[in-house]
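Colleague: Hi! Could you walk me through this one while I have it open?
Modeller: Happy to, let's go.

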Amino acid sequence: MFEGEEFLMTQPFHPYEEITFQQFVLFIKTHSKQMEENVNIYLNLEPSISESDRKITDALLHSFFQILTHSNIEGIDEDLASHFDNWLQSQLSILNMKSFNLFQLIFQKSLITLLIKIKHNRIIPILMFLLSIFTYLVHSYNNWIDEDTTDLTKKNLHENRELKRLQLLDKLNKLLISSSGVHDLAYILKKCEEYFHYKRCVFYAYIPWSNQFYGVIGAELPKVQSMKGQLSEQTAVLTSKKPIYLKNPRNYVKEEHIKLFNVSSIIVIPIIHQDQLFGWLTFDQLGEEFDCSKDELDLLEQVGNRLGLYFSRKGEEVAKTSDLHLTERETTILDLLSEGYDNKKIGELLFLSEHTVRDYVSSLMTKLKAKNRTQVVALAFRLGLLN
């Protein structure tokens, strides 16, 4: 039993007595298994829910459990509004009113069923707290989708946005058509920053055979290359197949990475084509907090889809060069390059002169047909030479 749960279970109560967020979270954590079982029953056995709505609602419920059970709850009572705003904003790419209503209904039914089954003596305070959360979420969601404009103005705004979106995607298409493959990936990222008005765009590769992610190209290259890890429940931001906007990423991104990159707000875009995941793009404003609309997420999702198509069409080029041979020394230096070390540091680690290391790097560039060190690392990931 979690600390505080015994208090929650045994204390006398008034029907209108309030509980804290910490107490609510402790209750959910204590009974998370039963809650998830109830959610699965109500979600999967309801015949009136379509398969597409079921998938979206399941994603909402899963992420809501994550934000409750993996949150650092110390002192969060003072900033609950921001806490739930962050969660809601992170789901903008999949939210619609229908799935939002289903999410609330199923979570509420699951909680009521649990409270009755265990004969909990504080049913009313817990339900009232849940309703206060849902009330706030509905209010925030309605504020984002509500526009105090006439129908004609709405139509004009929509047409203008659509035209601008098509123009931007057309520029991106022309850029990708004229590019030579992963050789130009760094240049493509810089143009994405320019086209979509972000100060930093980073590419992270996905290694399917090890289920890992690995930073490859972006601003502050050594920092980017130090980003690697295993995909898991704790990296839910990357496991999503839809774009995610995080106004405040602290509940989703490690604190050390937030400090390393000076991140205040961030957008994560999966690069996918025909269910094949190549990696992710992240966009941010170099430490400045920013807002993001659903329209912007939809636009950036198209960017990820186009890059996915671009990578898939460059597969033939990759296949032609994937049988190249690297010496043991070249492989070692390639590994160190991927970690972000410069020639001087590599020389110190391998007891080689800086001039000798430079010759090895030049050899790698020749073999991989790369223009610079950045492309060497990007191509090596793409060819499976780094893991």
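Modeller: Let me start with tyrosine 206, which counts as buried because its relative accessibility is 19%. Keep in mind that this is a predicted model.

Colleague: Noted. And tryptophan 280, is that buried or exposed?

Modeller: Tryptophan 280 has 0% relative accessibility, so it counts as buried.

Colleague: How many aromatic pairs does the structure hold?

Modeller: There are 20 aromatic pairs. In one of them, the ring centres of tyrosine 206 and tryptophan 280 are 5.8 Å apart and the planes are at 80°, so this pair is edge-to-face. Tyrosine 206 belongs to strand 1 and tryptophan 280 to strand 6, so the pair ties together parts 74 residues apart in sequence.

Colleague: Nice. What about tyrosine 195 and phenylalanine 196, how do their rings sit?

Modeller: Their planes are at 80° with the centres 6.3 Å apart, so that pair is edge-to-face. Tyrosine 195 and phenylalanine 196 are both buried.

Colleague: Which residues do ring pairs link into a cluster?

Modeller: The cluster includes Phe21, Phe24, Phe64, Phe65, Phe84, Trp87 and Tyr141. Two of those names come back in helix 5, where the buried residues include Phe84 and Trp87.

Colleague: Why would you call helix 5 largely enclosed?

Modeller: Eight of its eleven residues (the helix covers residues 80-90) are buried, so the rest of the structure largely encloses helix 5. Besides the two aromatics, His83, Asp85, Asn86, Leu88, Gln89 and Ser90 are on the buried list.

Colleague: Switching to the sheet. What is the strand order?

Modeller: The order is 3-2-1-6-5-4, an open sheet of six strands with antiparallel pairing. Strand 3 (228-230) and strand 4 (244-246) are at the edges with a single partner strand each, so each has one side without a neighbour in the sheet. On average, neighbouring strands of the sheet are turned by 25° against each other, ignoring direction.

Colleague: How many bridges join strand 1 to strand 2?

Modeller: Five, between residues 200-207 of strand 1 and residues 212-217 of strand 2, and the two run antiparallel. For phenylalanine 203, the bridge partner in strand 2 is isoleucine 217.

Colleague: And which helix lies across strand 1 and strand 2?

Modeller: That is helix 18 (residues 373-382), which also lies across strand 6 (276-284) and runs at about 155° to strand 2.

Colleague: Back to phenylalanine 203. What is it in contact with, leaving aside neighbours within four places in sequence?

Modeller: Among the contacts of phenylalanine 203 are Leu185, Leu189, Ile217, Val224, Ile271, Trp280, Leu281 and Phe311. In the largest nonpolar core, of 56 residues, the members that touch the most others are Phe196, Phe203, Ile267, Leu281, Phe283 and Val303. Helix 13 (residues 294-313) gives the most to this core, seven residues. Apart from it lies another core of 53 residues, including Val25, Phe27, Phe64 and Phe100.

Colleague: Last one: where does valine 263 lie?

Modeller: Valine 263 is in the loop between helix 12 (255-261) and strand 5 (266-273). With 11% relative accessibility, valine 263 falls under the 20% cut-off, so it counts as buried.

Colleague: What does valine 263 touch?

Modeller: Setting aside residues up to four places away in sequence, valine 263 touches Arg200, Pro249 and Ile258. Valine 263 and proline 249 are 14 residues apart in sequence, and their C-alpha atoms are 8.0 Å apart.

Key:
Residues are numbered from 1 along each chain as its sequence is written. This is a predicted model: local features need pLDDT of at least 70, side-chain atom pairs count only at pLDDT 80 or more; totals for chains, interfaces and linings use all residues. Side-chain values use heavy atoms; hydrogens and water are left out. Buried means under 20% relative accessible area, exposed over 50%, partly exposed in between (1.4 Å probe, protein chains only). Helices (H or I, at least four residues) and strands (E, at least two) are DSSP runs, numbered from the N terminus. Two strands pair if DSSP finds at least two bridges between them. Axes are lines fitted to C-alpha atoms, for helices over the stretch in contact, and angles run from 0 to 180 degrees between N-to-C directions. Contact means heavy atoms within 4.5 Å. Rings of Phe, Tyr and Trp (its six-membered ring) pair if their centres lie within 6.5 Å; planes under 30 degrees apart count as stacked, over 60 as edge-to-face and the rest as tilted. A nonpolar core is a set of buried Ala, Val, Leu, Ile, Met, Phe, Trp, Tyr and Cys residues joined through side-chain atoms within 4.5 Å.
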